[in-house]
Amino acid sequence: FTKAPVGTDIMPFYSMNYGKLAKKLDVIQFNHYHTPENLSDVILWFDFLRTLKEQPFWNTETQTCWNGSVEIGQDIKPDGFCRLNSWLPVALGGEANLYWLWRTHWAGHELMHGSVVDTSGRPMYTFGEVQQTGKEFEKVRDFLNHTRVATEIALHFTSRNWNLFETQHLFSGLNYMEQVANSFHKPVNDCGLRPDVIDASADISGYRVIFSPLMMTLEEENLQERMKEWVENGGIWIAGPLTDIRTGVGTKYRDRHFGFLEELTGAKWLYEAPNRGGAIEGQWKDGAHFSCQICVDLFENEDALVSTIEGPKELLNRAILLKKRVGKGIVYLLGSIPDPESMRKLVLDVCREGGIVPLPTEGALVVVPREGLGESGLILAEYAGKNASSILPSEYLDLLSGGIVSGKLELKPYEVKVLKK
């Protein structure tokens, strides 16, 4: 037995129920080796990991420069990437970032793995960024220790639904995790918002807005009943596409298409169809284009925000996106995977309804509001290696530079800003 905290350094395996695993652990630990090409994927994971326990998670493995075993499979990283990669877990709710490894092995396995110092004991080319990041953590430690990530928006991801999609692809080319990450989480992030990514068992009472895309089944952790009560008490729920269409064991409903969404909203579902070739097209009420990707669910056109304008005759003027009042809340029934601009339009409409004000951004920014112990502020991080900017709502103290910033704030590629209000 030990008094030390017990954890296990999990890798991003989608089939595992991390909600159940977390109950047995003192601390969540995570390993990743993302690159500039897919770094946005790990942002989703950090948004998920911080929701699993009150104790902040540890990022127990990442590379300073590249990973590798008997050969190097990655390329050299650009200037600033190591620093940003080290900052992301801490900014997004963790309390530790560890590198694998300190010094590359001289014998045995992973002789080509990147490290802080190489086998000879000499620094790798990223050594200066490691030193800089450590000094920055020291400079802002009080702000980090006194605040936590603050958000009123959540997005569902569950291992049960990942496993269902592994056994029932539904439509060729549809990948559950890829679509959740790129078609839903990334657009929400890029609107200047900070979503929690939550398991079916998570407490939903503190959120104003919840996205539940590709949740093939809602029959776990009493989620149907809890979502119904939450919406009736004022929550705003974006359900779909392909949500609530299977039982908890993956079978279809024999007397209805959805488990309970039609009953909850009063909507009438009509058709489900593939749309890989893009024959079915939609249009917003204001005339803007809506591209239906991979598949569509179509409804009677009452309360439609988006309707079909192209496709087979029977499918014309059918609803793709509905907005239904339920008790004190709202349910958006989404019938297709939107194009990025349509997803952005939907997110901003939802925010207006929920009284949530996104931080205006240009470029690829991670926006992290933080609050606690009488302090509040923002951490901003550019994650795509390009220039970006944000419009600040008030004056902030830049804790890294010591200056006062307000208005339009420019960020260089991979730059991080820690701002205290």
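At which residue does α7 bend, and which proline follows within four residues?

## Helix α7

α7 bends by about 25° at F184, the bend being the angle between axes fitted to the seven residues ending there and the seven starting there. The proline P187 follows within four residues. This is a predicted model, in which local features need pLDDT of at least 70 and side-chain atom pairs count only at pLDDT 80 or more, while totals for chains, interfaces and linings use all residues. Residues are numbered from 1 along each chain as its sequence is written, and side-chain values use heavy atoms, with hydrogens and water left out.

Helix α7 covers residues 176–190 (helices are DSSP runs of H or I, at least four residues, numbered from the N terminus). Its 15 residues reach 20 Å from first C-alpha to last, close to the expected 21 Å (1.5 Å times one less than the number of residues).

## Ends and burial of α7

At the N-terminal end, N175 acts as a cap, with a side-chain oxygen 3.2 Å from the backbone nitrogen of M177. Just after the helix, G192 adopts a positive phi of about 85°.

Of the 15 residues in α7, 12 are buried (under 20% relative accessible area, 1.4 Å probe, protein chains only). Among them are M177, F184 and P187.

## The whole chain

The chain contains 10 helices and 25 strands (strands being DSSP runs of E, at least two residues). Buried residues make up 56% of its 421 residues. The C-alpha trace spans about 70 × 50 × 45 Å along its principal axes.

Notes: Buried < 20%, exposed > 50% of the residue type's maximum accessible area, 1.4 Å probe, protein only. Polar contact = N/O pair within 3.5 Å; in protein donor to acceptor, adjacent residues only side chain to side chain.
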